[in-house]
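Student: I've got a model open and I'd like to learn how to read its sheet and its pockets. Can we go through it together?

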Amino acid sequence: MDAATEAALRAGRPFFWANPDRRPLAVVREALAVTLADIEAAAARLDRFAPLLAGLFPELAACGGRIESELLPVPTLAARLLGHGSDRVLLKADHRLPVAGSVKARGGFHAVLAVAERLALEAGLLAGADDDYRKLGRPAARAFFADHTLSVGSTGNLGLSIGILGRALGFAVTVHMSAEARDWKKARLRSVGATVVEHAGDYTAACAEARTQAAAAPAVHFIDDENSRDLFWGYAVAGLRLPAQLCALGIDVSPEHPLCLYLPCGVGGAPGGIALGARLALGDGALVFFAEPTEAPCMLLGIASRRHAAIAVTDLGLSGRTLADGLAVARPSQFVGRLMEPVVDGLYTVADEELVRLVAAAWRDEGLRLEPAAAAALAGPGLVRAAEMAVLAGRPATHILWATGGGLLPEADFAALLAAAEGQA
């Protein structure tokens with residue numbers, strides 16, 4: 001890590017960093033720890049479970065149990081972020097995903113379903129992958145799953161996705177919540193019957209405790225946000241589905257017509273999965289940028305220093321605390337960081353004050369109800385254009401702002417964010 005990067009991070013200044021190690025897909029594909037086949041298998045698992053999900057959750061009935069969000073035009077917000085140029089700006093509406101209301105839904109649901117499928121096949125509740133998976137919503141299956149516990153460490157949104165689906169299937173669920181987790185997320189988990197264990201420490205400490213407890217109990221299945229392949233593959237399905245959505249909008253992606261993805265980043269699983277899925281599905285015309293708070297730039301620090309999980313933001317004197325609770329992570333995933341070294345095009349940081357301002361701007365311009373973490377994506381297009389990256393070279397681009405959460409925000413919490421933005425004006 002060069003001195004200028006370290007100085008900017010230590011100072012907690014908003015900062016854009018272009019990754020010098022980004023490589024063409026043809027060069028790195030064979031060495032990647034995750035393959036296209038892995039992600040396609042996850043997509044197939046989600047399809048197998050879709051009829052069951054449609055039956056468990058009325059809000060999924062209309063879409064046949066498919067967990068997916070729209071690409072929305074945001075013309076007024078686009079003009080605010082980039083001016084009136086030739087670039088096209090869209091918003092990936094994961095903040096409106098049914099049931100779990102965040103980007104964590106695909107990965108979290110897939111991880112739960114992977115556990116349920118394995119247990120059901122071992123117990124003979126399913127005869128095979130061609131069986132009717134709606135069987136797993138019946139009382140006999142629920143009674144079987146009740147003898148098993150799902151465990152996860154979370155700052156909030158992942159815990160919600162694991163807890164909501166796990167409890168719907170009949171599992172006991174324990175969510176270890178870090179100090180940054182919002183009270184409303186804890187209350188929502190408790191309302192579906194999940195056990196919430198509150199920790200005074202940060203996200204890493206909550207995960208460590210959850211991992212230790214699960215290791216001593218065979219019937220406890222720990223879903224490891226830092227290392228789980230099942231989570232990562234589920235997240236990556238979103239990237240795999242992008243070509244069809246873009247084609248429906250008449251959008252071509254190529255090195256001559258690049259697509260820029262802006263992905264808020266905590267420990268790295270969700271943005272890393274989406275990034276890799278998009279690169280494998282769309283090729284080198286897909287450019288990916290991760291957004292982090294100035295006080296918790298763990299993935300930027302890990303990749304820039306090439307030390308990954310061996311370094312934490314607290315080593316630079318940063319607090320790791322931020323209004324963007326889903327991004328309040330001090331130490332990145334070793335697995336994801338190494339995987340992203342040749343994949344991610346750049347990372348940038350955003351101050352909490354700017355996150356609040358962007359939440360208000362998205363609401364005022366487009367009626368979008370975003371969490372501060374999701375608003376981090378909005379800072380990306382202007383920074384990337386200002387950086388004059390050679391890979392863009394003045395070409396018109398399509399920008400996708402990945403709105404990772406916010407649709408489930410209680411009215412009082414959202415009103416407080418808008419009031420804070422007013423106070424800054």
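Student: How many bridges join strand β4 to β7, and do they run parallel or antiparallel?

Tutor: Strands of a sheet pair through backbone hydrogen bonds, in either a parallel or an antiparallel way. In this predicted model, β4 (residues 149-154) and β7 are joined by four bridges and run parallel. If you want a spot to look at, V152 stands opposite I223 in β7.

Student: Okay, and in what order do the strands of the open sheet come?

Tutor: Four strands make it up, ordered β6-β5-β4-β7, with parallel pairing. β6 (195-198) and β7 (220-223) are at the edges with a single partner strand each, so one side of each has no neighbour in the sheet. From one strand to the next, the twist averages 20 degrees.

Student: Which strands does helix α7 lie across?

Tutor: Helix α7 (residues 157-169) lies across β4, β5 (172-177) and β7, and its angle to β4 is about 165 degrees.

Student: Now the pockets. What volume does the largest pocket have, and what lines it?

Tutor: The general trick is to roll a probe the size of a water molecule over the atoms, which shows where empty space is left. Here the largest pocket has a volume of about 160 Å³. Its lining has 13 residues, with P75, A78, D87, R88 and V89 lying nearest the centre.

Student: Which element gives the most to that lining?

Tutor: That's α4, with four residues. Both α4 (75-82) and β3 (88-92) supply at least two residues each. By character, the lining divides into eight nonpolar, three polar and two charged residues.

Notes:
Residues are numbered from 1 along each chain as its sequence is written. This is a predicted model: local features need pLDDT of at least 70, side-chain atom pairs count only at pLDDT 80 or more; totals for chains, interfaces and linings use all residues. Side-chain values use heavy atoms; hydrogens and water are left out. On a 1 Å grid over the protein atoms alone, a cavity is a set of points where a 1.4 Å probe fits but cannot get out, and a pocket is an open set with protein on both sides within 12 Å along at least five of seven lines; lining residues have an atom within 4 Å of a point. Grid points are joined across faces, edges and corners, and a volume is the space filled by probe spheres set on the points. Ala, Val, Leu, Ile, Met, Phe, Trp, Tyr, Cys and Pro count as nonpolar, Asp, Glu, Lys and Arg as charged, and the others, Gly among them, as polar. Two strands pair if DSSP finds at least two bridges between them. Axes are lines fitted to C-alpha atoms, for helices over the stretch in contact, and angles run from 0 to 180 degrees between N-to-C directions. Contact means heavy atoms within 4.5 Å.
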